[in-house]
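Open the model in your viewer and keep the selection tool at hand. The stops below are meant to be taken in order.

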Amino acid sequence: MRNEARQPPAAVDAALTERGIGHRGAYVYDAPVRLWHWVNAAAILMLALTGYLIGTGTPAMSGQASGNFLFGYIRLAHFSAGYVLSVGFVLRIYSALIGNRHAAQIFCVPLWRGCFWHEVHQEIRRYGFLAVEPDRSVGHNPLAQLAMFLMFTQTITFMIVTGFALYGQGAGSESWQDRLFGWVFSIWPNSQDVHTWHHLGLWVILVFVLVHIYAVIREDIMSRRSISSMISGEREFRD
């Protein structure tokens with residue numbers, strides 16, 4: 001799987017097809033990738049809301065604890081969303097192996113290539129309004145690819161591992177969660193340390209989400225690209 005986030009102009013032109021006067025586009029995101037994107041976004045939203053409440057606590061409830069199950073429902077929603085996120089992530093890795101070249105970009109980043117880092121620098125200048133050339137990448141541009149890999153792919157992996165490790169504590173030493181992820185506590189023997197790192201991972205993902213939303217809206221304005229590509233699968237360029 002090779003990096004094709006930034007293609008030479010001739011390759012970009014060859015990948016595009018005419019969509020009408022002044023419009024060109026290319027099919028970028030397969031249906032499984034688009035479905036995963038929105039299911040994953042919903043799971044992250046649920047995990048963020050319930051995770052915040054689990055970490056900070058809920059308002060005191062009147063009556064006996066046995067009379068309500070609010071915190072239990074919050075934990076159930078958190079665990080359920082965690083399973084959805086985890087299964088979806090495994091399927092996303094599978095789609096990267098069998099899908100088109102764009103499906104693999106968030107997993108395969110050519111960090112060893114000098115030209116890649118040069119293009120990342122150019123994108124930073126562009127996002128900093130120090131360069132006005134529009135982004136004509138058909139898939140993720142190099143900066144977006146790097147951000148997805150570091151702030152999303154790696155962080156999601158970390159959250160899944162630490163999340164199941166913490167779940168395994170409650171499920172017991174005979175549970176598959178503890179058998180597969182209990183080794184986390186050999187790194188952080190104090191359970192509270194794992195809770196803290198897991199909670200910090202939440203904020204990394206939330207920062208990424210905010211930057212991601214900003215970048216999508218900015219690209220639609222500055223590069224005149226359609227933001228509906230994650231719905232239709234096609235990326236449209238308006239000349």
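This tour of a predicted model goes from annotated spans to helix pairs and then to pockets.

**Stop 1: the annotated spans**

Select residues 35-54, 74-94, 146-167 and 197-217. An unreviewed UniProt entry lists these under "transmembrane region". Colour residues 35-54 by secondary structure: the span is 100% helix and 0% strand, and its end C-alpha atoms are 28 Å apart. Do the same for residues 74-94, where the chain is again 100% helix and 0% strand. Here the end C-alpha atoms lie 30 Å apart.

**Stop 2: α2 against α3**

Now select helix α2, residues 31-56, and helix α3, residues 70-98. Their axes come within 8 Å and cross at roughly 150 degrees. Are α2 and α3 roughly parallel or roughly antiparallel to each other? An angle over 145 degrees counts as roughly antiparallel, so α2 and α3 are roughly antiparallel. The crossing of α2 past α3 is left-handed. Colour the contact of α2 with α3 by residue class: its residues comprise 16 nonpolar, 7 polar and 2 charged.

**Stop 3: α3 against α5**

Keep α3 selected and add α5, which covers residues 142-171. The axes of α3 and α5 come within 11 Å, crossing at roughly 135 degrees. That angle makes α3 oblique to α5. α3 passes α5 in a left-handed crossing.

**Stop 4: the largest pocket**

Where is the centre of the largest pocket? Select His37, Met148, His212, Ile213 and Val216, which lie nearest its centre among the 41 lining residues. The space in this pocket is about 1100 Å³. To see what surrounds the largest pocket, show α2, α5, α8 (191-222) and α9 (229-232), the elements that give two or more residues to its lining. Which of them gives the largest share of the lining? That share comes from α8, with 12 residues. Colouring the lining of the largest pocket by class gives 28 nonpolar, 8 polar and 5 charged residues.

**Stop 5: the second largest pocket**

Next, select His78, Phe79, Gly163, Leu166 and His198. Of the 30 residues that line the second largest pocket, these lie nearest its centre. The volume of the second largest pocket is about 770 Å³. Show α2, α3, α5 and α8, each of which supplies at least two residues of this lining. In the second largest pocket, the largest share of the lining comes from α5, with 9 residues. By class, the lining of the second largest pocket holds 17 nonpolar, 12 polar and 1 charged.

**Last view**

To finish, show both pockets together and select α5. This helix is among the elements that give two or more residues to the lining of the largest pocket, and α5 also gives the largest share of the lining of the second largest pocket.

Technical notes
Residues numbered from 1 in each chain as written. Predicted model: local features only at pLDDT ≥ 70, side-chain atom pairs only at ≥ 80, totals over all residues. Heavy atoms only, no water. Axes fitted to C-alpha atoms, helices over the stretch in contact; angles between N-to-C directions. Helix = DSSP H or I, 4+ residues; strand = E, 2+ residues; numbered from the N terminus. Parallel < 35°, antiparallel > 145°, perpendicular 65-115°, else oblique. Left-handed = near helix turned anticlockwise from the far one by under 90°. Nonpolar A, V, L, I, M, F, W, Y, C, P; charged D, E, K, R; others polar. UniProt positions renumbered as here; feature names shortened; annotations may be inferred. 1 Å grid on protein atoms, 1.4 Å probe; cavity = no way out; pocket = protein on both sides within 12 Å on 5 of 7 lines; lining within 4 Å. Points joined across faces, edges and corners; volume = space filled by probe spheres on them.
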